[in-house]
There are 2 protein chains.
Amino acid sequence: MPATIYDVATHAGVSISTVSRVVNSPQGVNPATRFRVQRSIEALGFVPRADATARARRLHRQVGVLAPFFTYSAFVQRLRGIASSLSDAGYELVVYNADTPEHIHAYLHSLPLLRRLDGLIIISLRLDDMLAVRLRASGLPVALIEATHPSLSGVDVDNREGGRVAGKYLMAAGHRQIGFVGGDYAVGDYTLRTSQLRLQGLCEVAEAAGVQVQVPALPANSATREDAQQQAFELLARSQPPTAIFAASDTLALGVLRAARERNLRVPQDLAVLGFDDLEFAEYIGLSTISQSLEVSGRQAVELVMAAMADEQTLPRHVQLPLHVVRRETA
Amino acid sequence: MPATIYDVATHAGVSISTVSRVVNSPQGVNPATRFRVQRSIEALGFVPRADATARARRLHRQVGVLAPFFTYSAFVQRLRGIASSLSDAGYELVVYNADTPEHIHAYLHSLPLLRRLDGLIIISLRLDDMLAVRLRASGLPVALIEATHPSLSGVDVDNREGGRVAGKYLMAAGHRQIGFVGGDYAVGDYTLRTSQLRLQGLCEVAEAAGVQVQVPALPANSATREDAQQQAFELLARSQPPTAIFAASDTLALGVLRAARERNLRVPQDLAVLGFDDLEFAEYIGLSTISQSLEVSGRQAVELVMAAMADEQTLPRHVQLPLHVVRRETA
DNA sequence: CTGAAAGCGCTAACAT
DNA sequence: ATGTTAGCGCTTTCAG
């Protein structure tokens with residue numbers, strides 16, 4: 001059994017308060033006593049147990065991340081930012097995998113009551129007003145990533161603007177027939193419709209310039225590479241196929257690339273392909289894409305929860321990250 | 001403030017013990033009383049606080065994962081398996097990102113003493129005897145992934161055999177000049193040398209068949225795509241370049257693929273490329289590779305820690321996962 | 001079947 | 001400067 005604060009106190013011939021003090025505010029204790037206690041601490045290998053400390057302080061030094069987990073690789077990128085900021089701040093990261101609406105619901109309702117977390121970061125989940133307000137009232141500091149809500153702090157990007165940026169970029173390269181491939185990952189009522197927004201942005205600028213946007217007839221209610229491939233096949237089979245395709249995510253772009261290869265289309269000469277996200281593999285495969293600074297969004301979210309943790313009354317803050325196209329080889 | 005067990009007790013006119021009983025072992029409580037208490041629980045929205053319960057039970061329902069985090073995407077795949085098994089078992093997952101030897105050291109020494117975790121899964125870290133024995137003695141149930149040690153449970157694959165499998169596969173396809181591209185991600189003394197082992201396996205079977213293995217002159221002390229690309233360039237510039245390259249990981253294979261493209265080599269006609277890991281993107285890009293069932297390894301590790309948690313005295317178990325080649329388009 | 005009371009290992013007033 | 005003591009919110013003997 002590891003040593004407790006009582007063992008140290010006995011060993012050093014002082015009270016537990018003194019031991020606690022030399023651990024937490026050494027300056028307030030007599031140097032001689034402090035030294036003696038420190039020796040005892042080392043001799044016994046004493047380390048305050050995190051749970052006992054957490055309980056007494058009512059501070060757990062853990063923040064949670066709730067997300068429709070590995071279904072979408074952008075998650076990992078954001079998590080990387082979260083993890084490193086959190087660890088810099090001396091907090092642990094606990095991950096809640098929520099792939100189904102039921103799981104999400106359960107977590108969202110129990111997490112605040114369990115009181116094990118100092119803060120919670122919610123990724124890529126649309127929250128309705130009731131839930132947002134309830135979370136806000138629960139006392140558990142929250143920050144959103146990708147989704148936003150007036151009553152909760154959040155980081156996001158302007159997805160519609162992302163679509164515009166993509167459209168302008170492709171038009172500037174001379175394309176007059178632009179295809180779109182998209183789909184959102186569905187998690188019931190929590191589903192975020194970023195793909196839709198990106199399409200809207202694309203349409204806006206295309207329409208203004210008199211350029212055609214071709215959207216697959218297939219329902220875009222999924223976000224896998226396979227779906228994207230099918231969508232691309234459909235587009236490419238048309239009488240006047242697009243010369244460029246904007247995919248709503250890098251993962252989907254992979255499907256488009258594959259479709260192009262199977263149809264023996266050269267990229268970007270025969271078909272330009274532009275993704276969205278700038279995932280790690282995008283650089284690897286030379287995919288041109290719209291970067292949304294995923295890692296930064298994670299860091300920002302940590303700042304936001306921290307702010308909420310520091311002052312529960314503080315007003316929600318919203319930050320919008322910039323978007324920019326990363327030109328590589330596919331468009 | 002959320003309701004406590006005292007509030008419920010008062011509300012129902014019973015003692016806290018009774019409330020605790022209806023929550024934890026309802027069958028031992030008079031149905032009438034139980035019903036009354038249950039009504040109070042619902043009325044007050046009582047949920048036992050996880051930290052208080054954890055403290056009283058000395059069971060936190062959290063297991064940690066320590067790994068040189070996002071440096072290697074195989075991590076994510078394994079984490080997926082861990083996360084889902086853990087959540088099935090009603091445990092939370094806390095992630096410790098340890099990119100530097102210092103961090104790793106610090107975590108390995110503090111985690112057992114902090115006593116916040118019920119178990120720990122350590123990924124891709126070589127532990128020396130002293131550390132392994134110390135961990136074993138610490139009382140914190142541990143399971144290793146990718147590394148193994150006699151005194152700790154672990155899941156791994158036979159990396160040397162992986163190299164053999166790769167070599168045989170490539171030779172069966174007729175290759176007589178096989179290149180190798182490799183490198184291990186370095187984390188000081190904790191560095192695992194799987195790339196080396198895979199190379200050894202390759203050399204074994206190649207030698208036995210009188211086939212040349214070409215290894216880059218560059219020191220392979222890194223594991224990035226860029227390094228792999230440089231290594232591949234070097235190999236391809238030789239007077240008798242390899243007709244196939246075995247990359248020690250899928251990520252490295254990406255670099256080889258890139259090098260091939262820049263040299264205008266058709267894959268697999270001019271150059272066959274075989275990876276290792278079977279990461280998610282391998283399927284996307286049609287990369288032939290050696291699968292090592294990453295997700296399964298995560299699930300297995302959870303089983304191992306759970307076993308260790310159930311009985312601290314239990315002997316360490318070691319499981320070795322099978323390897324198989326996944327034939328796709330690059331080899 | 002139910003209640004009283006002793007922990008769990010700390011921190012943080014409050015005393016001295 | 002240091003010690004005493006009351007929590008923190010549960011679980012779990014031990015009595016009754």
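I began with a rule: a polar contact is a pair of N or O atoms within 3.5 Å; within protein, one must be able to donate a hydrogen and the other to accept it, and residues adjacent in sequence count only if both atoms are side-chain atoms.

**Ground rules**

I noted that this is a predicted model, where local features need pLDDT of at least 70, side-chain atom pairs count only at pLDDT 80 or more, and totals for chains, interfaces and linings use all residues. Residues are numbered from 1 along each chain as its sequence is written, chains are lettered from A and ligands numbered from 1 in the order in which they are written, and side-chain values use heavy atoms, with hydrogens and water left out.

**Entry: DNA strand D**

I looked up A:Arg55 and found an N or O atom of its side chain 2.6 Å from a base nitrogen of DNA strand D. The side chain of A:Arg21 places an N or O atom 2.5 Å from a base oxygen of this strand. For A:Ser17, a side-chain N or O atom is 2.4 Å from a base oxygen of DNA strand D. Helix 2 and helix 4 of chain A, with helix 1 (5-12), helix 2 and helix 4 of chain B, each give two or more residues to the surface near this strand. I took helices (H or I, at least four residues) and strands (E, at least two) as DSSP runs, numbered from the N terminus.

I then listed the surroundings, where near means that a heavy atom of the residue lies within 4 Å. There are 26 residues around DNA strand D, and the nearest include A:Thr18 and A:Thr33. Sugar or phosphate holds 55% of the strand's atoms within 4 Å of the protein, and bases hold the rest. Which element gives the largest share of this surface? I found helix 2 of chain B, with 5 residues.

**Entry: DNA strand C**

I counted 27 residues around DNA strand C, with A:Arg49 and B:Arg55 among the closest. Of the strand's atoms that come within 4 Å of the protein, sugar and phosphate account for 54%. A polar side-chain atom of A:Ser20 is 2.7 Å from a phosphate oxygen of DNA strand C. A:Ile5 uses a polar backbone atom, 2.7 Å from a phosphate oxygen of the strand. A:Ser17 reaches a base nitrogen of DNA strand C, at 3.5 Å from a polar side-chain atom. Helix 2 of chain A gives the most to the surface near this strand, 5 residues.

**Entry: chain A against chain B**

I saw 42 residues of chain A in contact (heavy atoms within 4.5 Å) with 42 residues of chain B. The buried area is about 4200 Å², and carbon and sulfur atoms give 55% of it. I read buried area as the accessible area (1.4 Å probe) that two parts lose on being put together, summed over both. A:Phe70, A:Arg116 and A:Tyr284 supply 18% of what chain A buries against chain B, more than any other three residues.

How many salt bridges are there between the chains? I found 8. A salt bridge needs a side-chain nitrogen of Lys or Arg within 4 Å of a carboxyl oxygen of Asp or Glu. I checked A:Arg116 and B:Glu92, whose side chains form one at 3.2 Å, N to O. The interface also has 19 residue pairs in polar contact, both at pLDDT 80 or more.
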